[in-house]
Amino acid sequence: MEGDYFNVSAGVPSLYIAPSPLLVGELSVSASGHAQQVLATHLSPSHRTLLRGIPHLGVQEYVARCIARCRPRSVYVSDGSAEARDYIRRRALEAGEEMRLAREGHTAHFDNYCDQARDRQHTRILVTPDQDLGPHIATRDRDQGLAEMEGLLEGIMEGHEMYVCFYTLGPAASPFTIPCLQITDSPYVAHSENILYRPGYTSFLSLEEGQTWLRFLHSQGELDERRTCAHLDRRRVYIDPAEDTVYSVNTQYGGNTIGLKKLAMRLAVRHAVHEGWLTEHMLVMGVHGPGGRVTYFTGAFPSMCGKTSTAMLPGERIIGDDIAHLRVIHGQARAVNVEQGVFGILKDLTARENPVQWEVLHSPGEIIFSNVLVTPDRQVYWLGKGGPEPQQGINHAGPWWKGKRGPQDREIPPAHPNARFTVGLEAFPNLDPRLHDPEGVPVGALVYGGRDADTWVPVQQAFDWEHGIIAKAASLESSRTAAVLEGGTQREFTPMSNLDFLSVSVGDYIQANLDFGRRLTHRPAIFAVNYFLRDRRSGEFLNAMEDKQVWYKWMELRVHGDAGCLTTPTGCIPRYADLRLLFRKTLGKRYLRSHYRRQFTIRVPENLAKIQRITAIYREQVRNAPPQVFRVLEEEGERLELAQRRHGDYIPPERFA
């Protein structure tokens, strides 16, 4: 199929038919014929055959509308075959969006200096005047947003090649399967999605009228001399749930452009809430227990808070590190990774603390490194990698040398704090064999955590499903990180670590989580973890990076009733004797009682302050918060106040024995 595409730069007939929404909606019979004319004129015979093989006329009409509006130089339709994947990979190199590195299969990509993270400010859910999603979710009037996007897309792909690609979220031929169509003019974006997602062309061959399918239209727009976006002032990411469509323009950064990732989450969340399942910002992993037992966990963490490193704990099994769909199947919660690859964060990734990832990233294979430093010998360097820092190379600022200064006269680091790697999960030696299980894996526990310096203990178990969803998941707070453009250190409310990706109100989302548990005949345990707790006086971290391995071993035992606990006002915490044994068996480390006391002291003033903050948010900012939220938080506050009267502000764990 190499080179088998037609030039379409001139004479593309317009297909916009008012008052249909931009590039979507049903066409009349005559308009449908017009769409077929466009495809017949501007697709090669083999590509036209691929598209015509899809019986759902809406797919063909959508592609024709995109061609008409964006006016690309040429169109390439990918069926996900090895030949098509090779073509897109090669085009990313030829177009200058990626560069070869020294190790076989490795490439590097650079985004614009100011296009290095998710753009919250210009990412909006399109809503009608009667829809109110609340103050936490950025929205825009649908008619206005579509009108603006129509203008931005007009001719935006002139001189570019358009790539039409088919994927699925979740395993194919499964209750979890959602077919997805990605259209982009960036071979880097198409290459990334080929790594991250399961091929979906065959799923489209059986697509029926009325069946859900998601569509994504992306254009990087005009490029500068470095092949990065030239018009970031026009960067927009609009999600239109009414038509299951995402528009993304004038940006290359993966979080803004890789449609099936966090952009698809917004669409899937809405379907999940209305249809009785869950779309979550969660890892999926298997933890080994006694007697060869494997227990599957999901875990929700904001970006750069340990989600990927947790999913890849040494000796355990990875299924996914970012997005999970959960469904009730035969009364049991089951989960899949909607992806088959990793778009991981590189900062502070070292051989000692991340041995599995380190091995993968230093082996031959298909990997894209983005916004790292490429040294003169075509090796890559990222912040916190260890070893001597290079003195020169190429990074997101262009040619780089130590001491180079950028905007506001700030020194430019060798790599960006949000530098990433994109790699398929098949590269990982600890990949769980059930990655593609069509019914997913049974969930033994859900875990929630964020960057919390002063409140939660390192690990605790909720009393029950309702307590866990409200007092842990819906009360999650975390400090901002470099994963968003508006980074900082302030504490943010981020229920289930999913607030950035909601397309329904927070109240509806919390209620959907509560209702999900009611449909289960056996509810998973719910835990909260905190890898970032600091000493109240010295400010030093109280967790070592590798300690999380012990917390998961303890949680695995708790799921099966094989370990005891101490009951505190906020949840159940480990006993010292159990942790001492687990630290020795898991890490070969001596675990002192003084360590235990510092880590698991219940900080009553901080916990009470948190309850007050969260209660105020739900009372003042969430218009339809479930009443259980206030009851559960009030009960936890009463337990804390009672313990405070008995034992003081800072209660060592032994007091609960």
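The paragraphs below go through the nonpolar cores, one helix and the cavities of this structure, which is a predicted model.

In soluble globular proteins, nonpolar side chains tend to be found buried together. The largest nonpolar core here has 148 residues, and those that touch the most other members are Phe-369, Trp-551, Tyr-552, Met-555 and Tyr-618. Helix H9, which covers residues 259-275, supplies the largest share of this core, with eight residues. Apart from this core there lies another one, made of 36 residues, including Val-38, Leu-43, Leu-126 and Leu-152.

Trp-551 can serve as an example of how a residue of the largest core is surrounded. If its neighbours within four places in sequence are left aside, Trp-551 is in contact with Pro-458, Val-459, Tyr-531, Asn-543, Leu-579, Phe-583, Tyr-591, Gln-599 and Phe-600.

Tyr-618, also named in that core, belongs to the buried residues of helix H17, among them Val-604, Leu-608, Ile-611, Ile-614 and Ile-617. Helix H17 runs over residues 604-620, and the 24 Å from its first C-alpha to its last is close to the 24 Å expected for its 17 residues. The buried residues of H17 pack against several elements, including helix H13 (506-518), helix H18 (627-647) and strand S28 (491-493).

Turning to the empty spaces, a search of the whole structure finds six cavities of 30 Å³ or more, and the largest cavity holds about 80 Å³ of space. Phe-369, already met in the largest core, is one of the residues that line this cavity, together with others including Leu-101, His-106, Arg-378 and Trp-382. Sorted by class, the lining of the largest cavity consists of six nonpolar, three polar and three charged residues.

Conventions
Residues numbered from 1 in each chain as written. Predicted model: local features only at pLDDT ≥ 70, side-chain atom pairs only at ≥ 80, totals over all residues. Heavy atoms only, no water. Helix = DSSP H or I, 4+ residues; strand = E, 2+ residues; numbered from the N terminus. Expected span 1.5 Å × (residues − 1). Buried < 20%, exposed > 50% of the residue type's maximum accessible area, 1.4 Å probe, protein only. Contact = heavy atoms within 4.5 Å. 1 Å grid on protein atoms, 1.4 Å probe; cavity = no way out; pocket = protein on both sides within 12 Å on 5 of 7 lines; lining within 4 Å. Points joined across faces, edges and corners; volume = space filled by probe spheres on them. Nonpolar A, V, L, I, M, F, W, Y, C, P; charged D, E, K, R; others polar. Core = buried A, V, L, I, M, F, W, Y, C linked by side-chain atoms within 4.5 Å.
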